[in-house]
Protein chains: 2
Amino acid sequence: MDNVTLARYEARAQIAKALAHSTRLFIIDELSRRDICVCDLTEMIGADISTVSKHLTILKSAGLVQGRKHGAQIFYRLRCPCVLGFFGCMESVLKSVAEGNACCVA
Amino acid sequence: MDNVTLARYEARAQIAKALAHSTRLFIIDELSRRDICVCDLTEMIGADISTVSKHLTILKSAGLVQGRKHGAQIFYRLRCPCVLGFFGCMESVLKSVAEGNACCVA
DNA sequence: TGGCGATTTGGGAATATTGCCAAATGATGG
DNA sequence: CCATCATTTGGCAATATTCCCAAATCGCCA
């Protein structure tokens, strides 16, 4: 695997890593419904606000969300709704594993 | 976030984690073209065979690939081709980040 | 059965991630 | 300017991941 190819896969892996945490998946799911500020997300999640902020930083670095200032608050929004398609795929995988049968065909 | 909801997100995160490594993304990409045995994958990747075997174990535990014995070799195959859709999404994200414009709309 | 090639497992060191606290920064209104 | 609320950053301990080597296992054939 040459360096260019490797770099391509690492860039992709960075996005997958951003999705590889339950809290961040929750955030994306909620942001798919509406834009939410950090303090509201923090309350929903129940973790320290600095923890939530760092999760948002990871999602932002991956290009998945975007922050927009509104007064002292910062509202986050989903930048790439296509990731939601992946949620559906994850559900089919989980379902097929649970049932022991084949997975989605395409 | 109640426990049931959390468990659901953690199950999904497990799948995202399986995709969160360049080597494993490479493996999935190759397996989308044809079934390949561990030794061939090892040669393509250029890592220790035990490392490749562990990557395959992670993908298998996530329900993404499946091994099939053929003599002494084990051929792996993609169990859930729907993950390939995520590859396309990752490319749009990367492209939109590079160009600084909006991402995929759906 | 014995030996060989293919694969997995165990173990451990290097590295990365997670999540809290404390402190710094930013924005707003008095 | 000062106080206050919202958010980010720094730092650190706990935990998880990665990857090599060595050893164990598995399947086949002589």
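What follows is a conversation about a predicted model with chains A and B.

Mentor: Residues are numbered from 1 along each chain as its sequence is written, and chains are lettered from A in the order in which they are written. In this predicted model local features need pLDDT of at least 70, side-chain atom pairs count only at pLDDT 80 or more, and totals for chains, interfaces and linings use all residues, while side-chain values use heavy atoms, with hydrogens and water left out.

Trainee: What makes a residue part of the contact between chain A and chain B?

Mentor: Contact means heavy atoms within 4.5 Å. By that rule 43 residues from chain A and 43 residues from chain B take part.

Trainee: How do you know how much area chain A and chain B bury?

Mentor: Buried area is the accessible area (1.4 Å probe) that two parts lose on being put together, summed over both. Here that is about 3,600 Å², with 70% of it on carbon and sulfur atoms. Y9(A), R12(A) and F86(A) supply 17% of what chain A buries against chain B, more than any other three residues.

Trainee: Why is the pair R12(A) and E91(B) called a salt bridge?

Mentor: The term needs a side-chain nitrogen of Lys or Arg within 4 Å of a carboxyl oxygen of Asp or Glu. The two side chains meet at 2.8 Å, N to O, so the pair meets the definition. This pair crosses between chains, from helix α1 of chain A to helix α5 (residues 83-99) of chain B. Helices here are DSSP runs (H or I, at least four residues), and strands are runs of E of at least two, numbered from the N terminus.

Trainee: What makes R12(B) and D29(A) a salt bridge?

Mentor: Their closest N and O atoms are 3.8 Å apart, and the limit is 4 Å, so the pair counts. The rule finds six salt bridges across the interface of chain A and chain B, and a search of the whole structure finds 14 over all chains.

Trainee: Which elements of chain A give two or more residues to the side that touches chain B?

Mentor: They are α1 (3-18), α2 (22-31) and α5 (83-99) of chain A. The largest share, 11 residues, comes from α5(A).

Trainee: Why is the relation between chain A and chain B called a two-fold axis?

Mentor: The copies are superposed by least squares on the C-alpha atoms of residues with pLDDT of at least 70 in both. A rotation of 180° with 0.0 Å of shift along its axis superposes chain A on chain B, with RMSD 0.0 Å. That is the relation of a two-fold axis. The same surface serves both copies, as 100% of the contact residues of chain A recur in chain B.

Trainee: How do you know that β2(A) and β3(A) pair?

Mentor: Two strands pair if DSSP finds at least two bridges between them. β2(A) and β3(A) have six bridges, in the antiparallel sense, so they pair. One bridge partner in β3(A) is F75(A), which matches R68(A). In the hairpin of these strands, with two residues between them, G71(A) takes a positive phi near 70°.

Trainee: What makes β1 and β2 of chain B edge strands?

Mentor: In chain B three strands form an open sheet in the order β1-β3-β2, with antiparallel pairing. β1 (36-37) and β2 (65-70) each have a single partner strand, so one side of each is left without a neighbour in the sheet.
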